[in-house]
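Colleague: Could you take me closely through one part of this model, the central strands and the helices that connect them, and then say what else around the chain deserves a careful look?

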Amino acid sequence: MGRGRRTRRDHSRAGRVREHGALTDEELTRYARQIVLPQLGGTGQQKLKAARVAVIGAGGIGAAVIPALAGAGVGALTIVDPDTADLSNLHRQPIYRSRDAGEPKAALAGQFVRRLNPFVEVDPIERRIDPETAPALLAGHHLVIDGTDNFATRLAVSDACVALGLPLLSAAAQQWQGQVGLFLGRPCYRCFVGDAFDADDCDNCAELGVTGALTGLAGNLAALLAIRFLTQAGDDPSGRLHLIDALAGTQRQIRIMADPGCRACGQPG
């Protein structure tokens, strides 16, 4: 569905975020409340400006991630989503309006970013991501954030990230439960969920429901971990899964263990 057209050239390979380019006076004013943080400073802000982040899914999770990263000054955002806005989405996707129903979400999200921060390069892609398309769509980024609502897509994204050597932030929300985790190759997301969920017919929010505030909470937590990772602020957040129970009002972390038999990141026999 959609054109699948890019508006910029792919980078041939991913790499570490490098500082480049002085911040303009307007950028210094725009990001002043971040730059004053001793753990971030001007150096951290330049790392954000140099970063290229792919956001997979412009739904409930993406609708929180995209404003947070664009506002923070991430230099380039690629937004991949094949779907259109719908009235049933709006309780959890506040970057869209009622009049946007039927319009492509990737394009709408791109327009939102341009209005919010003209210093962010945005590339909306109206295309479904799957095992065949994922490698080309993800190559050249410093970080991938997956907020899609089905396991088949998440596993396709995870497998591509492992193959490309890209860090993956996976965020999900369903009913009253949310989870966010950063995966750096091994363990990977497939180590966590296994091989049983590659089919396209797994449950999603349309069948089970979701609270809108929860998707915002999970998406903003993913954006926060992304900013920490890109600027190297704080300790290493990888390999831990943040579990949110919105009904109980609790949050906890668990450590994800690598599966030695994982077909994506497991050690060759």
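Modeller: What follows begins with how far the model can be trusted, then turns to the strands, and ends with backbone and aromatic details.

This is a predicted model, and its mean pLDDT is 89, with 87% of the residues reaching 70 or more. Over residues 1-16, however, the pLDDT is below 50, although this stretch has 36 contacts in the model beyond near neighbours in sequence. Where pLDDT is low, predicted coordinates should not be read in detail.

The part you ask about can be built around strand β2, residues 76-80, in which five of the five residues are buried, so that the strand is largely enclosed by the rest of the structure. In a regular strand, side chains alternate between the two faces of the sheet. In β2, A76, T78 and V80 point one way while L77 and I79 point the other way, and all are buried.

On one pairing, β2 is joined to strand β1 (residues 52-56) by five bridges, and these two strands run parallel; within this pairing, R52 has A76 of β2 as its bridge partner. On another, five bridges join β2 to strand β3 (residues 121-125), again in parallel, and here L77 stands opposite V122 of β3.

The connections between these strands pass through helices. Strand β1, helix α4 and strand β2 make a right-handed β-α-β unit, and β2, helix α5 (residues 105-116) and β3 likewise make a right-handed β-α-β unit. Helix α4, residues 62-72, has eight of its eleven residues buried, so it is largely enclosed by the rest of the structure. Those buried residues are G62, A63, A64, V65, I66, L69, A70 and A72. After α4 comes G73, which has a positive phi, near 95°.

Beyond this part, a few backbone details are worth checking by eye. Most residues other than glycine have a negative phi, and most peptide bonds are trans. Q175, in the loop between β5 (168-174) and β6, has a positive phi of about 55° although it is not a glycine, and Q175 is partly exposed, with a relative accessible area of 38%. Q232, which lies in the loop between α10 (212-231) and β7 (240-245), also has a positive phi, near 60°, and is a residue other than glycine. A cis peptide bond, with omega about 0°, joins R186 and P187, and P187 is found in the loop between β6 (177-183) and α8 (189-193).

The aromatic rings give a further picture, since the count comes to two aromatic pairs by the distance rule of 6.5 Å between ring centres. F183 and Y189 form an edge-to-face pair, with 5.9 Å centre to centre and 90° between the planes, and both F183 and Y189 are buried. Y189 and F192 form an edge-to-face pair as well, at 6.2 Å centre to centre and 65° between the planes. Because Y189 and F192 are three residues apart in helix α8, they are separated by about one helical turn. Their surroundings can be set side by side: Y189 is buried, with a relative accessible area of 1%, whereas F192 is partly exposed, at 30%. Together, F183, Y189 and F192 form one aromatic cluster. Elsewhere, the charged end of R154 sits over the ring of F151, 4.8 Å from the centre of that ring.

Definitions and conventions:
Residues numbered from 1 in each chain as written. Predicted model: local features only at pLDDT ≥ 70, side-chain atom pairs only at ≥ 80, totals over all residues. Heavy atoms only, no water. pLDDT = per-residue confidence, 0-100. Contact = heavy atoms within 4.5 Å. Buried < 20%, exposed > 50% of the residue type's maximum accessible area, 1.4 Å probe, protein only. Helix = DSSP H or I, 4+ residues; strand = E, 2+ residues; numbered from the N terminus. Pairing = 2+ DSSP bridges. Right-handed = clockwise from strand over helix to strand, strands pointing away. Phe/Tyr/Trp six-rings, centres within 6.5 Å; stacked < 30°, edge-to-face > 60°. Lys NZ or Arg CZ within 6 Å of the ring centre and 35° of its normal.
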